[in-house]
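Please open the model in a viewer and keep the sequence panel beside it. The tour proceeds by selections, each followed by a description of what is found there.

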Amino acid sequence: MLLIQKTKKGDKLTISLEGQLDTNSAQDLEEMIDDAIKGIRHLVFDLEKLTFISSAGLRILLYAKKQIGGRGKMEIINISHVVYEVFEVTGFAGMLGIE
């Protein structure tokens, strides 16, 4: 199960994720992103409470980065060690600019 919370301040949108971002929840997040990022220049994903991410979840984050494109920037913050390892092993840490 994935809980999604959005916080918008001007042209900045923070999406906080709690639980598991997997095949079952990835489509819901993708649909939410499509609706939510219109007019957004700064997109932040707060993964502090994310306990698991699958390849489908990684694909959605890459999708979001492509959607924000040249008009803005995307950040991923508060990544747990377990989730960060998935980013690192798959090479997504470099693709998404996570250090």
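**A β-α-β unit**

Begin by selecting β3, α2 and β4, which together form a right-handed β-α-β unit. The model is a predicted one. Within this unit, β3 and β4 pair in the parallel sense, and the pairing runs over five bridges. To locate the pairing in detail, select Asp46, which stands opposite Ile77 in β4.

**Strand β4**

Next, select residues 73–77, the extent of strand β4, and display the side chains. Which side chains of β4 point to one face and are buried? They are Met74 and Ile76. Lys73, Glu75 and Ile77 point to the other face and are not buried. The side chains therefore alternate along the strand.

**Helix α1**

Now select residues 23–36, which make up helix α1. This helix has 14 residues and reaches 20 Å from its first C-alpha to its last, close to the 20 Å expected at 1.5 Å a residue. Just before the helix, select Asp22, which caps the N-terminal end of α1. A side-chain oxygen of Asp22 lies 3.1 Å from the backbone nitrogen of Asn24.

Colour the buried residues of α1 next: Ser25, Ala26, Leu29, Glu30, Met32, Ile33 and Ala36. An α-helix has 3.6 residues a turn, so residues three or four places apart point the same way. Against which elements do the buried residues of α1 pack? Add β1 (2–9), β2 (12–21), β3 (42–53) and α2 (55–68) to the selection, for these are the elements they pack against.

**Two salt bridges**

The last stops are the salt bridges, of which the structure holds two. Select Arg59 and Glu30, whose side chains meet in a salt bridge at 3.6 Å, N to O. This pair links distant parts of the chain, with Arg59 in helix α2 and Glu30 in helix α1, 29 residues apart. Glu30 is among the buried residues of α1, whereas Arg59 counts as partly exposed at 43% relative accessibility.

Then select Arg41 and Asp11, whose side chains meet in a salt bridge at 4.0 Å, N to O. Here too the pair links distant parts of the chain: Arg41 lies in the loop between α1 and β3, and Asp11 in the loop between β1 and β2, 30 residues apart. Are these residues buried or partly exposed? Arg41 is partly exposed, with a relative accessible area of 48%, and Asp11 is partly exposed, with a relative accessible area of 36%.

Technical notes: Residues numbered from 1 in each chain as written. Predicted model: local features only at pLDDT ≥ 70, side-chain atom pairs only at ≥ 80, totals over all residues. Heavy atoms only, no water. Helix = DSSP H or I, 4+ residues; strand = E, 2+ residues; numbered from the N terminus. Expected span 1.5 Å × (residues − 1). Buried < 20%, exposed > 50% of the residue type's maximum accessible area, 1.4 Å probe, protein only. Contact = heavy atoms within 4.5 Å. Polar contact = N/O pair within 3.5 Å; in protein donor to acceptor, adjacent residues only side chain to side chain. Pairing = 2+ DSSP bridges. Right-handed = clockwise from strand over helix to strand, strands pointing away.
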